[in-house]
Amino acid sequence: MNVTIIALGTRGDVQPYVALGAGLRRAGHAVRLASHGTFRDLVQGAGLDFAPMRGNVQEVVHSPEMRAALAGGNMLEINRVSARATQSAALHWAEDGLTAARDAELMLAGIGGMNVAQSLSEKLRVPLLEAHVVPFHPTRAFPGPIFPPGVARLGGWANRLSHVLTRQVMWQMFRAADTRARREVLDLPPAPVLGPRPLRPLPTLHGISPSVLPRPADWDAAQHLTGYWFLPQEDWTPPPALEAFLRAGPRPVSIGFGSMTTPDPQATTRAVLEALERSGQRAVLLSGWGGLSAQDVPDTVFVTDSAPHTWLFPRVAAAVHHGGAGTTAAGLAAGVPNVIAPFFGISRSGVSGCGSWVWGPRRCRAARWARARWPPR
């Protein structure tokens, strides 16, 4: 079968779908993955056909408007900034998507590519299978991904409603761009106000371990918890200086916030270094897109742009990170404590997104367990 996967966003948004595509390829399917040019080597390195989708998410993340929205911690404002960015990208994505899915017999997408894929599915009459790395089907068991855990105090009906509202928030911020792309590129009428309807019902895949998120009792048989989608551990040679640092003392802590950006990277770095000094820990500091500064760090801290989590996490005492789905999965797979530092999705009451943006109440308990035992013994 010819399968086209559309995965847009940061590396954390794209890499799980590369792993899923690699699994489909091993099962005998021909897989093309459509994403930003930044990820061409990642996709082709997994043996998949690559189709470019224009746009640079990093530029959006580092824009002054997005920095201000992220600093405010307001999910609605973050969505508004994202919606404005999609207005200019939607036409390109529709054009590029038509090329990427030209011979597809099945399309597959998660949150990052779903709205684009829904319109392409309708245009090309190709069925679309949803595949998510967060629980994205309504349930009474816990709130939707963009809602604080306090919603659960209102009862199962509120949890279930929050999932419906989550999908609507994500659709409505894209709806105007989608309407324009349908009119100017795809020659389709506008989608219904509440969102496109699937060509035909298909199962939904959730790339989450059932050991971390037990299957909700009210999910129907079409919802599948498949386990995490991991790429095979890459043949990565660490810099000699990093190997020497790891050998030079007790296991360090890994600290990195992936694609998250901060208004003041230097201030973030100072806070991290102060925490390390107070706790007496060594650390590997992953600067990532956040641009954490490497200036004037002590000998107990090693700074690098990045390192594969599958290589690094088994070699550290704990992983401190932003709670992204892929990073959290890698930390759990490595068997080390995960300490989550939420960056957005924080309610005005001060209740963090734990349980929403860190993908499930059990992971929040794992984070609290790690903090209660900090520093590691």
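Biologist: Happy to look at this one with you! How many cavities of 30 Å³ or more does the count come to?

Modeller: Glad to help, and keep in mind that this is a predicted model. A cavity here is a set of points where a 1.4 Å probe fits but cannot get out. About 60 Å³ of space lies in the largest cavity. By this rule, the cavities of 30 Å³ or more come to three.

Biologist: Which helices each supply at least two residues of the lining of the largest cavity?

Modeller: The residues lining the largest cavity include A90, W93, N115, S119, F174 and D178. By class, this lining has eight nonpolar, two polar and one charged residues. The elements that each supply at least two of the lining residues are α5 (75-100), α6 (111-124) and α7 (156-186).

Biologist: Let's stay with α7 for a moment. Is T166 buried or exposed, and why?

Modeller: T166 is found in helix α7. Leaving aside neighbours within four places in sequence, T166 is in contact with F136, G144, P145, I146 and F147. I146 is 20 residues from T166 in sequence, yet their C-alpha atoms are 6.3 Å apart in space. Because its relative accessibility is 0%, T166 counts as buried.

Biologist: Now to the nonpolar cores. Which element gives the largest share of the largest nonpolar core?

Modeller: In soluble globular proteins, nonpolar side chains tend to be buried together. The largest nonpolar core here has 30 residues, and Y17, V18, L33, A131 and W229 touch the most other members. Two or more residues of this core come from each of β1 (2-6), α1 (11-26), β2 (30-35), α2 (40-45), β4 (106-109) and β5 (128-132). The largest share, six residues, is given by α1.

Biologist: How many residues are in the other core, which lies apart from it?

Modeller: Among the members of that other core are A90, W93, A94 and A181. A90, W93, A94 and A181 also help line the largest cavity. The core that lies apart has 27 residues.

Biologist: Which residues does A131 touch, not counting those up to four places away in sequence?

Modeller: A131 is one of the residues that touch the most other members of the largest nonpolar core. Not counting residues up to four places away, A131 touches Y17, L20, L108, A109, G110, L205 and W229.

Biologist: L108 takes us to β4. Which residue in β5 does L108 stand opposite?

Modeller: In a regular strand the side chains alternate between the two faces of the sheet. Both faces of β4 are covered, with L106 and L108 buried on one side and M107 and A109 buried on the other. β4 pairs with β1 in the parallel sense over four bridges, and with β5 in the parallel sense over three. In β5, the residue opposite L108 is L129.

Biologist: And in β4, which residue is the bridge partner of V3?

Modeller: The pairing to look at is the parallel one between β1 and β4. In β4, V3 has as its bridge partner L106.

Biologist: One more, on the second largest pocket. Which element gives the largest share of its lining?

Modeller: The second largest pocket has a volume of about 290 Å³. Its lining has 13 residues, with I255, A271, V272, A275 and V320 nearest the centre. By class, eleven are nonpolar, two polar and none charged. The largest share of the lining of this pocket, six residues, comes from α9.

How values were computed:
Residues numbered from 1 in each chain as written. Predicted model: local features only at pLDDT ≥ 70, side-chain atom pairs only at ≥ 80, totals over all residues. Heavy atoms only, no water. 1 Å grid on protein atoms, 1.4 Å probe; cavity = no way out; pocket = protein on both sides within 12 Å on 5 of 7 lines; lining within 4 Å. Points joined across faces, edges and corners; volume = space filled by probe spheres on them. Nonpolar A, V, L, I, M, F, W, Y, C, P; charged D, E, K, R; others polar. Core = buried A, V, L, I, M, F, W, Y, C linked by side-chain atoms within 4.5 Å. Buried < 20%, exposed > 50% of the residue type's maximum accessible area, 1.4 Å probe, protein only. Contact = heavy atoms within 4.5 Å. Pairing = 2+ DSSP bridges.
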